[in-house]
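Welcome! Please take a moment to look over the sequence and the model shown here, and then read on for a short tour.

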Amino acid sequence: MIDFTRNMRAMFHLVDGASLAAFRIVFGLSAFFLMTYYYSDLRIDSISEPCLRFPVPGFSWLPPSNREWMHIEVYALRVFSLLIAIGLFYRLSVLLFFLLYGHIFTVDVTFYQNHFYLILLLLFLLFFMPAHNTFSLDSVTWRKNHGPHVPAWAIYALRGQLAVVFFFAGLAKLNGDWLLGEPLRTLIEASSAPHFMKTETSVMAMAYFGAIFDMLVAPMLLSKKTRLIAFDLSLAFHFINAQIWDIDIFPYLMIGLSLIFFDPDWPHQLWRRLRRQTLPPGAGMSTRLDMPRLTTSQTTIAVCLGMYFVVQCV
């Protein structure tokens, strides 16, 4: 029988903040490359020129940006993405990036791609997380206000968000067209992929592997026994995606963000291995807080997270 009270308390145990900091760095750099290469000057001009727009339902009241303002927005987003990566004025940078990028996202859905929405969701979550507690300029500048640990719920929430993405990506593939190899077949034939990938056997194998992979990769990443296998499969899966689909940073973004499924102190473990140092006894273990009962603020966080994921799944 599941002990929900014990599991909820575990959400507030303190764990090494290195993994969350690495997530912040990968996310910030990925956002910078997105704003630099996808939102090039030519792309900005094409977004700002149309007279007929299709805003996200409920956001038709937002005024679209003209060409000059769109350039200013994108340049500002590049700055904020780098500030997020280096952890300087972290929460303010996340908030401003969310607002500016949300504006670009909502004024016209004809430029929509799935990972644009994912970026907004991750920004929303990161705003409430102390991802600047370590490996950041904030932690150096305001040393008294930060520590090297973070509450475990931050790690769990990001894992949960990526698991939702993987699962629904697999669920969306369970349709007649995909299971018959389309549009994968058409896209591979039009791509520069090697000839062996364009054979009928390869197309059908990739179609079914893609669906099965998306449905199972999150549980495999959550289990220590299958984590490395799942990550290796993820590398292959996303590199193949990068060759077939025109989805700019998404494959590389997901590879980097999937590192959140490893132990919270994996950056320190990697550094020690590179320096051939042994791991001290007890290092990397979570700090268990003596909490006979959850505080009001902790209960609020748990309830809000639960409601967030219910909304994500319906």
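A residue counts as buried when its relative accessible area is under 20%, as exposed when that area is over 50%, and as partly exposed in between. C304 has a relative accessible area of 46%, so C304 is partly exposed. C313, at 42% relative accessibility, therefore counts as partly exposed too. Please keep in mind that this is a predicted model.

**The chain as a whole**

Let us step back for a wider view. The chain holds 15 helices and 2 strands. Of its 314 residues, 46% are buried. Among contacts with a separation of 6 or more, 77% are between residues 24 or more positions apart. The exposed area comes to about 17,100 Å², with carbon and sulfur atoms supplying 68% of it. The number of disulfides is 0.

**Salt bridges**

Side chains of opposite charge can pair when their charged atoms come close. In this model the count of salt bridges is 5, and three of them are set out below.

| Salt bridge | N to O distance |
|---|---|
| R185 and E200 | 2.7 Å |
| D263 and K224 | 3.8 Å |
| R227 and D263 | 3.5 Å |

Where do R185 and E200 lie in the chain? R185 belongs to helix α10 (residues 184-190) and E200 to helix α11 (residues 200-222), so that salt bridge links distant parts of the chain, 15 residues apart. R185 is buried, with a relative accessible area of 16%, whereas E200 is partly exposed at 44%. These two residues are also part of a network of salt bridges with E182.

D263 appears in two rows of the table, paired with K224 and with R227. D263 sits in the loop between α13 (250-257) and α14 (266-274), while K224 sits in the loop between α11 and α12 (227-244), 39 residues apart. R227 lies in helix α12, 36 residues from D263. Are these residues buried or exposed? D263 is partly exposed at 24% relative accessibility, K224 is exposed at 63%, and R227 is buried at 8%.

R227 has another partner as well: its charged end sits over the ring of F262, 5.9 Å from the ring centre. Elsewhere, the charged end of K173 sits over the ring of W178, 5.2 Å from its centre.

**Aromatic pairs**

A pair of aromatic rings is described by the distance of the centres and the angle of the planes. How many aromatic pairs does the whole structure hold? The search finds 21.

One of the pairs is F124 and Y308, with ring centres 5.9 Å apart. Why is this pair called stacked? Planes under 30 degrees apart count as stacked, and the planes of F124 and Y308 are at 15 degrees, so the pair fits that description. F124 is in helix α6 (residues 114-127) and Y308 in helix α15 (residues 296-313), 184 residues apart, and the pair links distant parts of the chain. F124 is partly exposed, with a relative accessible area of 37%, while Y308 is buried at 12%.

F209 and F213 form a tilted pair, 5.8 Å centre to centre and with 35 degrees between the planes. Both lie in helix α11, 4 residues apart, about one turn of the helix. F209 is partly exposed at 36% relative accessible area, and F213 is buried at 5%.

Finally, ring pairs also link Y38, Y39, F97, Y101 and F116 into a cluster.

Terms used
Residues are numbered from 1 along each chain as its sequence is written. This is a predicted model: local features need pLDDT of at least 70, side-chain atom pairs count only at pLDDT 80 or more; totals for chains, interfaces and linings use all residues. Side-chain values use heavy atoms; hydrogens and water are left out. Buried means under 20% relative accessible area, exposed over 50%, partly exposed in between (1.4 Å probe, protein chains only). Contact means heavy atoms within 4.5 Å. Accessible areas come from the Shrake-Rupley method with a 1.4 Å probe; for residues, only the protein chains shown count as cover. A disulfide is a pair of cysteine sulfur atoms within 2.5 Å. A salt bridge is a side-chain nitrogen of Lys or Arg within 4 Å of a carboxyl oxygen of Asp or Glu. Rings of Phe, Tyr and Trp (its six-membered ring) pair if their centres lie within 6.5 Å; planes under 30 degrees apart count as stacked, over 60 as edge-to-face and the rest as tilted. A charge sits over a ring if NZ of Lys or CZ of Arg is within 6 Å of the ring centre and within 35 degrees of the ring normal.
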